[in-house]
Amino acid sequence: MFTLAEVASLSDIQPTYRILKPWWDVFMDYLAVVMLMVAIFAGTMQLTKDQVVCLPVLQSTVNSKVQPDTSGKADFTTVETTTGQEEASMRTVPFGSAPTVTPNILLSGATSSQYQPTESGQELKKEQKDSSGRKTNLDFQQYVFINQMCYHLALPWYSKYFPYLVLIHTIILIVSSNFWFKYPKTCSKIEHFVSILGKCFESPWTTKALSETACEDSEENKQRLTGAQSLPKYVSTSSDEGSPSASTPMITKSGFKFSADKPMIEIPSVTILDKKDGEQAKALFEKVRKFRAHVEDSDLIYKLYVGQTVIKTVKFIFILCYTANFVNTISFEHICNPKVEHLIGYTQFECTHNMAYMLKKLLISYISLICVYGFICLYTLFWLFRIPLKEYSFEKVREESSFSDIPDVKNDFAFLLHMVDQYDQLYSKRFGVFLSEVSENKLRGISLNHEWTYEKLRQHVSRNAQDKQELHLFMLSGVPDAVFDLTDLDVLKLELIPEAKITAKISQMTNLQELHLYHCPAKVEQTAFSFLRDHLRCLHVKFTDVAEIPAWVYLLKTLRELYLIGNLNSENNKMIGLESLRELRHLKILHVKSNLTKIPPNITDVAPHLTKLVIHNDGTKLVVLNSLKKMTNVAELELQNCELERIPHAIFSLSNLQELDLKSNSIRTIEEIISFQHLKRLTCLKLWHNKIVSIPSSITHIKNLESLYLSNNKLETLPAAVFSLQKLRCLDVSYNSIAVIPVEIGLLQNLQHFHITGNKVDVLPKQLFKCVKLRTLSLGQNCITSIPDKVSQLLQLTYLELKGNCLDRLPATLGQCQLLRKSGLVVEDHLFDALPSEVKEVLNQDTSIPFANGI
């Protein structure tokens with residue numbers, strides 16, 4: 001025996017799941033509980049009171065004309081009440097030694113309507129006069145036996161098992177209603193969804209976002225009605241920031257359109273969001289994003305709900321069909337033929353079922369409940385197939401709020417939201433806040449401004465090599481507002497900030513002239529762009545794909561230096577061609593570090609203005625260089641790591657070229673160097689890190705050459721022609737295979753820097769020390785065995801490298817090199833310690849003393 005509470009717990013689900021139960025599910029749950037109560041009540045009544053009472057039908061002339069049912073089955077014929085004379089046809093029956101009892105019991109209950117009054121009625125009246133009843137010859141045990149036997153033979157099976165069938169059917173309906181809450185593959189998703197939905201509903205950020213939206217709407221209405229002019233703060237929340245709008249100026253020169261963020265009215269915060277609430281809201285955004293990706297790709301929950309609804313509908317039809325057929329079988333009176341005449345002497349009994357009336361009423365009630373339940377199931381199916389439940393649109397939320405970027409969802413995610421709407425549409429509205437990127441960006445901005453205050457940013461400001469104030473922000477969610485309060489900042493570096501937005505407040509930073517955007521596709525507002533266009537002088541942009549370069553970069557008319565670092569291969573060259581550089585009329589320096597196969601055509605748009613062009617490839621061969629001829633004003637040209645095998649002929653047309661750097665290529669011969677004689681202004685030639693094996697004598701034609709870099713090549717000798725370059729001030733031939741320094745080196749009277757580190761030199765010619773203007777002398781990693789005392793003639797020497805040679809001592813005359821100090825003397829410690837003490841004192845002197853005396 002079990003209680004009602006225990007059975008009712010079968011339909012119990014977690015209280016938090018109630019938001020996913022529409023009114024029809026709730027109503028069906030209550031109907032199921034009522035059906036359970038009917039089943040339990042009927043079952044309890046049967047267990048305690050259900051019984052059948054049977055009396056024998058006497059085989060006399062009275063009923064001899066009645067055709068008994070000899071089939072052994074119960075005969076369900078209606079019996080009429082007998083006359084008053086027949087009611088007294090019973091007499092006392094002896095039962096052991098007990099006193100005789102005259103039961104006042106109807107013998108046959110009633111006679112069939114088939115019985116007709118005959119002559120035997122007179123005989124009965126006669127017998128009644130003779131005795132007080134008819135002898136049945138049955139004792140109590142025999143009555144009990146007949147009652148038990150006829151309960152199973154005469155009583156229809158539906159009368160006996162009706163309560164248990166109702167219980168089983170109801171349990172199946174309950175299981176079908178809540179199976180989607182229990183099935184593992186759907187239960188986990190539902191549990192996660194309900195948890196997130198509850199947190200989103202209660203999150204302070206939801207209230208704040210919706211409150212600000214309401215304030216914005218009211219403020220916009222007020223502006224529309226009064227026409228008041230307010231100071232624009234440019235707090236943009238539109239997701240279509242790149243699209244033109246009425247408030248966005250259009251720049252159409254060169255066929256290029258520029259659009260900035262439309263200004264918005266700054267709304268004061270309605271609520272205060274503390275740091276803890278902000279962190280929780282950020283975590284919710286991440287959970288919603290991951291849950292959407294996990295759930296939106298399948299429709300298992302939808303299919304399971306439809307399936308269980310179909311099962312309930314089929315179950316309702318089945319129950320209704322077979323129950324309606326058996327409702328009339330529940331009767332109060334039944335005829336029983338137990339076929340035990342050899343035991344009791346009677347073949348037929350008439351029985352009464354005392355629970356028939358109650359069971360029939362309960363069955364009618366149950367059928368009524370099932371009909372209501374079935375109609376609700378049919379309505380559910382109509383709702384399921386009437387609208388596409390695997391699609392959900394936040395159109396109303398987008399119309400009512402400023403979060404116009406809330407995406408539409410599909411599949412199980414959409415179905416769950418449809419179910420939630422049946423409970424309360426406010427849940428979906430508040431949940432939509434966490435699907436909006438604009439909302440997330442707002443939250444990030446608030447959290448960012450709480451964390452990065454003016455004082456904290458001031459601590460991160462440093463001085464760079466150019467003695468400028470510099471701030472580097474790395475991997476933040478945005479640009480803190482306090483950055484724009486650093487009015488004395490010269491350089492601003494933004495790295496890995498995907499949602500960087502430059503607001504109008506940047507106009508306060510009057511000293512800002514250099515901006516770095518490393519993987520940071522920054523968006524600018526209209527006023528901010530105007531300021532950058534007029535004040536920015538240097539811009540560094542690092543990107544993965546050329547499409548990441550902000551469009552406004554190509555419109556900075558006063559920009560003088562542009563550094564582009566990223567992928568610009570042959571496919572993307574077409575893309576960069578779409579963004580013309582011809583608007584950069586004041587651009588002087590263009591630095592491109594990429595993997596170019598040819599110089600992009602759009603660079604020629606600014607070629608007449610360029611004075612310096614730097615192309616650093618990653619080893620990709622640069623094959624097309626004809627466009628270089630258009631760069632007539634280029635003074636500095638660097639083509640590094642471009643896999644060049646010869647000096648490009650296009651270079652010889654650059655009449656204003658002053659410095660040429662062809663570092664890290666595959667140049668083997670430089671016979672074309674004779675053509676440099678036409679470059680009258682060329683003063684610096686860098687051919688380092690190549691595969692050059694010899695220097696042609698034609699190098700003498702470069703009369704104005706002042707710096708020659710040939711380090712990291714394969715040179716074995718230095719031709720005398722090199723030393724005919726009287727203006728040469730710097731000569732670098734480090735890391736070659738040179739064994740001898742020619743005596744002609746003494747002809748270079750203007751030589752100030754000589755580097756021959758990492759060669760095979762063993763003797764230093766005395767003529768070397770005639771170069772009295774030498775300031776830097778690098779002789780390390782050679783085979784030098786001694787340093788001549790004439791080193792003292794190098795009075796301007798400040799740096800001397802001798803480490804890695806075969807020296808056994810240093811000349812004491814080093815002390816006569818007035819500008820040389822220990823910090824500028826690179827030599828083994830034991831050689832320095834072997835110097836006389838007075839020489840070491842001179843070398844250890846403060847560097848400020850000689851410089852104070854001056855040169």
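**Close-up views of a predicted model**

**Figure 1. Phe676 and Phe754 in the largest nonpolar core.** The largest nonpolar core has 133 residues, and Phe676 and Phe754 touch the most other members. Helix α18, residues 526-535, gives this core its largest share, 4 residues. A second core is separate and holds 83 residues. Its members include Phe285, Val295, Tyr373 and Tyr427. Nonpolar side chains tend to be buried together in soluble globular proteins. The model shown here and in the other views is predicted.

**Figure 2. The surroundings of Phe754.** Which residues does phenylalanine 754 touch, not counting those up to four places away in sequence? On the lower-numbered side they are Leu731, Val733, Ile741 and Ile745. On the higher-numbered side they are Leu768, Leu774, Thr776, Leu777 and Ser778. Phe754 is also one of the two residues, with Phe676, that touch the most other members of the largest nonpolar core.

**Figure 3. The disulfide of Cys54 and Cys351.** The sulfur atoms of cysteine 54 and cysteine 351 lie 1.9 Å apart and form a disulfide. The link is right-handed, with 110° about the S-S bond. Cysteine 54 sits in strand β1, residues 52-56. Its partner, cysteine 351, sits in strand β5, residues 349-353. The two cysteines are 297 residues apart, and the pair links distant parts of the chain. Buried or exposed? Cysteine 54 and cysteine 351 are both buried.

**Figure 4. The disulfide of Cys150 and Cys336.** Here the sulfur atoms of cysteine 150 and cysteine 336 are 2.1 Å apart, in a disulfide. Why is this disulfide left-handed? The torsion about the S-S bond of cysteine 150 and cysteine 336 is about -85°, so the link has that hand. Cysteine 150 belongs to helix α5 (residues 140-153), and cysteine 336 belongs to strand β4 (residues 333-336), so the pair ties together parts 186 residues apart in sequence. Cysteine 150 is buried, as is cysteine 336.

**Figure 5. Disulfide pattern and two further cysteines.** How many disulfides does a search of the whole structure find? The search finds 2. Counting bonded cysteines along the chain, the pattern is 1-4, 2-3. Cysteine 200 has a relative accessible area of 0%, so it is buried. Cysteine 520 is buried because its relative accessible area is 4%, and buried means under 20%.

**Figure 6. A nonpolar patch on the surface.** Trp23, Phe27, Val372, Tyr379 and Phe382 make a nonpolar surface patch of about 490 Å². Two helices, α2 (23-49) and α12 (356-386), each supply at least two of the patch residues. Helix α12 gives the most, 3 residues. Valine 372 is placed in α12. Its relative accessible area is 35%, so valine 372 counts as partly exposed.

**Figure 7. The whole protein, for orientation.** The protein has 22 helices and 26 strands. Of its 855 residues, 49% are buried. Among contacts with a separation of 6 or more, 58% are between residues 24 or more positions apart. The protein exposes about 41,100 Å². Carbon and sulfur atoms supply 54% of that area.

Conventions
Residues numbered from 1 in each chain as written. Predicted model: local features only at pLDDT ≥ 70, side-chain atom pairs only at ≥ 80, totals over all residues. Heavy atoms only, no water. Patch = residues over 30% accessible without salt bridge, like charges linked within 9 Å, V, L, I, M, F, W, Y side chains within 5 Å. Areas by Shrake-Rupley, 256 points an atom, 1.4 Å probe, with all protein chains shown as cover. Salt bridge = Lys/Arg side-chain N within 4 Å of Asp/Glu carboxyl O. Buried < 20%, exposed > 50% of the residue type's maximum accessible area, 1.4 Å probe, protein only. Core = buried A, V, L, I, M, F, W, Y, C linked by side-chain atoms within 4.5 Å. Contact = heavy atoms within 4.5 Å. Disulfide = S-S within 2.5 Å.
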